[in-house]
Each structure stands twice: as C-alpha cells, then as structure tokens.
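Let's take a friendly walk through this protein together. Have a look at the sequence and the 3D view, and then read on.

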Amino acid sequence: MYKGKARAHTNIALIKYWGKADETIILPKNNSLSLTLDAFYTETSVCFDKSLTADRFTLDGVLQDEKATQKVSKFLDLFRQKANCTSFAKVESINHVPTAAGLASSASGLCALAGACNQALGLGLSQKELSKIARKGSGSACRSVYGGFVEWEKGYDDDSSYAAPIDSAGFEDELAMIFIVVNQKQKKVSSRDGMKSTVETSGFYPVWLQEAPKDLQAIKQAIYAKDFTKLGQITEANALKMHACTLAAVPPFTYWNAESMLAMDAVRDLRESGLECYFTMDAGPNVKVLCQKKDEAAIFAELSKQFRNEQLIIAHAGVGIEYLEMEVSK
Ligand code: 2P0
C-alpha cells in the first residue's frame, strides 16, 4: 500500500489563461500570471492498494460519479506510468471553501492530487516536474504548486510548459483579495468548453493573443516596481478583454450576471471615492476585488453596505504545495 497526502491552495489569474494550443496535454495559447491565495485550499490523500478493483474518489466525503472518477483515473494513470504501478487507488479530497461560496476549484484539487501521488509513489518529483504533470490535470493547477505571484510559461511541448514563481520581494504580502460571491443561478459554461468555443469562433480571440503578452510584460514590471495602481489597472483590463472575447463567440456567451455588474460598479464607485481597488472575474459570475491590505477593512465595510456579509470573503497571498503526514489508520 502506498499512501500520500498533500494540500494545495487555489490561485486567481491576474493575466488570464484563456485558450488551449493542445487540448490533450493542455498547452495554453498564452502565458498567464496568478496570485496563490490562502483562503481556499484542497487536501487530498491517495492510497494505491493492490486489493482494490477500481479507482475510488470521494470529494468532501461523497463518493463521486463515473465522469468525475474517470477524470481522476486518467490523471492517476500519469503517475502509475511514471512509477510502474498497476494498483488502483482510493482518493479522498476535502475542499476547504468557506460555506456557500460555490468556489470549488480544479486548480487546488488537481494540484493537491499531484502532490499526494508524488508522495505516495516516492517519485521525488521537483516542483517544476510536478507543475508539468499538474498542468495535464487542469491547466491552472500548474500554478498552484507555488505560492505568491506565479507565471505559467506556455511553452511549446509537454516538457516546456510549466509554472514558476515570480520574485516579487514580498509585494504579495501587501495585497488582499475580497471575493464577492454572487448568485450562481445561470446556465453554466465550463471553462473548458468556453475556451474552446472562444478559440474557434470569437473574432476577438486573435486580438486577445496580441494583448495578453503585452499585459503580461506590463504586469511583471508593475510587480517588480511594487506599483499597485498599475497592477490593478492591468488586472482589471485583462479580465475585461477575456470576457469581451466570450461576447464575440458564436454563439455568444457571458459568465456575468446582473449581480456581477453591480459588483463591478461598486468597485468603480469605491475607486472614485478614493478607495483604490480593482476587479477581476473568471469562468463564473463571482467578482474578486484586488486591494491593498491597508485598505481592506474600509473596502470591506463599504461593500458590506451593498452585499451580505456571507457574500464577502477576504483572502491574502497563500503558499505553494505542502506535503502532509498521513493519519495512522486504526
Ligand atoms: C485562469 N481560468 O487563468 C483562467 C481564467 C478561468 C478563467 O484556468 O480546461 O480549470 O482544466 O485547463 O484551468 C480555469 O480553467 O481549465 C481557468 P482546464 P481550468 O485561471
């Protein structure tokens, strides 16, 4: 029996990964840059056991269906191949997400599973190798291997596409991100389907591919200079460009709903009133507000006037993957 356990935190992209150059091994069309957060994480244990007759996957204690289990099995196969292991595995994942947030993340989930497998099978993979393999589970998972600011280099083949941390001299510790959790009711387009449709049909996608590298260079300069205003402006503009692409897809779609628009307006109003903050959004209607720690209490108080307290969650920069002790089974 080979056991391992790991914890990985989620990350939010400031320069978005949007579009795949290779859907099988997950190579992105553009480099992306994220901030790993402390508030949301996944802890996963894996046990490869000769006596099992199939892989078994539970999430928050609930046995998962065939589709979810197959995704995990395919990912486990990458490790089984590396370690010449033929055993099935029991995978137990717990998502630590504040109640009712609806923020389950494939980034922390697949990254934690990669770490657990690395430990269980004694592979001793470096963080770089772990990032490459996590990428194949879910693109954004490759960034959760590291804490703080992280860049995913798109690369051109399996070996050259991986994430690496950005030396920011502690700038991330001055920052906060406030999540505004909005009503989730809307037909969901998965990020996988959304990216594919955007790449194939959006007339704005070629422009995205010109803009994203410029935004990336500019935001790295802002990070090195610890320039919060530039960091925020580029973050917000880049998110808007990604979402503009979805509106130009055929058929058009959007991840925004009415409450997302209210939240974006609230951020603009706060900014006009002198409280500096910027928003970003991903493949869903929640709005994430980037601000400086020194302003976080004031911004939270202002947002509390418009949103219920349970809709607001504060996060700060988080750490990279952590290997955990397995509890001794009785
Ligand atoms: C990102 N997103 O950079 C972008 C921005 C959503 C919007 O990465 O298909 O779950 O598994 O590689 O990583 C979400 O997509 O997609 C994502 P797959 P993933 O964070």
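The second largest pocket has a volume of about 300 Å³. A pocket here is an open set of points on a 1 Å grid over the protein atoms alone, where a 1.4 Å probe fits and protein lies on both sides within 12 Å along at least five of seven lines. Its volume is the space filled by probe spheres set on the points, which are joined across faces, edges and corners.

The model is predicted: local features need pLDDT of at least 70, side-chain atom pairs count only at pLDDT 80 or more, and totals for chains, interfaces and linings use all residues. Residues are numbered from 1 along each chain as its sequence is written, and side-chain values use heavy atoms, with hydrogens and water left out.

The pocket is lined by 14 residues (each with an atom within 4 Å of a point). Nearest its centre lie Thr24, Lys74, Lys136, Gly137 and Arg192. Two elements, α1 (66-83) and α3 (127-137), give two or more residues to this lining, and α1 gives the most, with six. Helices (H or I, at least four residues) and strands (E, at least two) are DSSP runs, numbered from the N terminus.

Now to the sheet. Four strands form an open sheet in the order β11-β12-β10-β13, with antiparallel pairing; strands pair if DSSP finds at least two bridges between them. β11 (277-281) and β13 (312-315) each have a single partner strand, so one side of each has no neighbour in the sheet. β11 pairs with β12 (287-292) over five bridges, and Thr280 stands opposite Lys288.

Which helix lies across β10, β11 and β12, running at about 160° to β11? That is α7 (258-272). Angles run from 0 to 180 degrees between N-to-C directions, with axes fitted to C-alpha atoms, for helices over the stretch in contact (heavy atoms within 4.5 Å).

In the loop between α6 and α7 sits Pro251, joined to Val250 by a cis peptide bond with an omega of about -5°.

Two residues other than glycine have a positive phi, as the table shows. Buried means under 20% relative accessible area, exposed over 50%, and partly exposed in between (1.4 Å probe, protein chains only).

| Residue | Phi | Loop | Relative accessible area |
|---|---|---|---|
| Ile26 | about 55° | between β2 and β3 | 1%, buried |
| Lys226 | near 50° | between α5 and α6 | 35%, partly exposed |

Helix α4 (191-201) has buried residues too, namely Gly194, Met195, Ser197 and Thr198. Their cover includes β2 (20-22), α5 (205-224) and α6 (228-247).
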